[in-house]
Amino acid sequence: MGANISTCWEALPSTTEIFLPTPAVYTPILCCFQYFPLITVAQWILSWHPAGKTSSQSIFNIPGRIAWSAMEIVGPINLIYCMVTPSPFAPSFTDLPVSNILIVTMYCIHYLNRAIISPFFSAPSMSPIHVAIMSSAMLFNWFNSACLAGWLRGYTVPTIPSFHEASSRSPSRSAVTDLIPTVGVLLFVIGMAGNIYSETALFRLRREEAEKRTAKKADDETSAGQGNGNKYHKVYVIPPSRGVFRHILYPHYVFEWLEWIGFALAGTAVVPLSALPISVSASSVGIAPPLHLAPWLVPAAWVAGKLDVSLPLPAVVFVINAITNMLPHARWGRKWYVEKFGKKAVAGRGAVVPGCAWM
């Protein structure tokens, strides 16, 4: 048995092959990450999410701002590391097409806001986050950035089923098809602006409520957050039903999904290694082993084939994983709003679907 364990251990890839994925390791990483939606089934069943407004006292809690920044910063750090580190399997970062570099820039801009600006400059306070939540988020962002890095450095992953050659550029491509990346960039900008606007509105409401409580109970040491040293601590409000909150309670989630859908559409302009000039890549070392697509990814591959565009597979996986991860949080969050403020305050709004009490 010891010999079998030793053999299995030796068969595992080295850390250098994992943290700068080689083509052989890249496909298993992408394969694992594409099945993340199956894990989120547990999130629909269990309401346990010790972070934000649903956090609780625990010796395993990490200060909110630090935990949030740590789990969000993993993505851009890993992506940048993978993009700039020399590799025999891919061209250098400076040799990559502008389209590939643009996608890297879009990703890093998003996470600059999420990891630095939002927790340290925008949010009035952040509740403690359980180490389990922080660790799982860090793992998610590592998987995601590793998958994006291989794709953006030009790795070609044959898919099963395959509806077209990923590098094909037939003469029949229409002007509409060529506009897809531009539309994607616009959607990304609109989504990010809407996400920031929605979150900033929530932060402003929390500040206003904390100021009201402080004014009413200026001499009470147990008033909102004073015992914690931060008058904004654990001060939560339900947004009034107007503006972006008129029909749903989590417009910042919907805007973020729009942002990543735009990211995926812009990703149709990413150039795979097989399509790069000979001066950049004279061999097919960037060809990864074939990937059997998860059933929910097959329609995206079919649409890409019909439109004759490269399938931005890691970006599509990211969109699906982000939505399936955030949907149950929105559902449980709506339930928390009902229990905390009552149905009248919720005013019939859905979490992310207008008028839907379940969602």
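Helices here are DSSP runs of H or I with at least four residues, numbered from the N terminus. These legends describe a predicted model, in which local features need pLDDT of at least 70, side-chain atom pairs count only at pLDDT 80 or more, and totals for chains, interfaces and linings use all residues. Residues are numbered from 1 along each chain as its sequence is written, and side-chain values use heavy atoms, with hydrogens and water left out.

**View 1. Lys335 and Glu339 pair up within helix 13.** Zoom in on helix 13, which covers residues 313-341. Lys335 makes a salt bridge with Glu339 (a side-chain nitrogen of Lys or Arg within 4 Å of a carboxyl oxygen of Asp or Glu), and their closest N and O atoms sit 2.4 Å apart. The two residues are four apart, or about one turn of the helix. An α-helix has 3.6 residues a turn, so residues three or four places apart point the same way. Lys335 is partly exposed at 40% relative accessible area, while Glu339 is exposed at 56%. For these labels, buried means under 20% relative accessible area, exposed over 50%, and partly exposed in between, using a 1.4 Å probe and protein chains only.

**View 2. Glu208 and Arg204 form a salt bridge in helix 10.** Here the closest N and O atoms are 3.8 Å apart. Once again the partners are four residues apart, about one turn of the helix. Both count as partly exposed: Glu208 has a relative accessible area of 39%, and Arg204 comes in at 44%.

**View 3. Glu199 reaches across to Arg114.** The closest N and O atoms in this salt bridge are 3.0 Å apart. Glu199 belongs to helix 10 (residues 180-216) and Arg114 to helix 7 (residues 98-122), so the pair ties together parts that are 85 residues apart in sequence. Glu199 is buried, with 14% relative accessible area, and Arg114 is buried too, at 7%. Bring Glu72 into the frame and you have a network of salt bridges linking Glu72, Arg114 and Glu199. The count of salt bridges by this rule is four.

**View 4. Helix 6 bends at Ile73.** Helix 6 takes in residues 64-84, 21 in number. From first C-alpha to last, helix 6 reaches 31 Å, close to the expected 30 Å, a figure that comes from 1.5 Å times one less than the number of residues. The bend at Ile73 is about 30°, taken as the angle between axes fitted to the seven residues ending there and the seven starting there. A proline, Pro76, follows within four residues.
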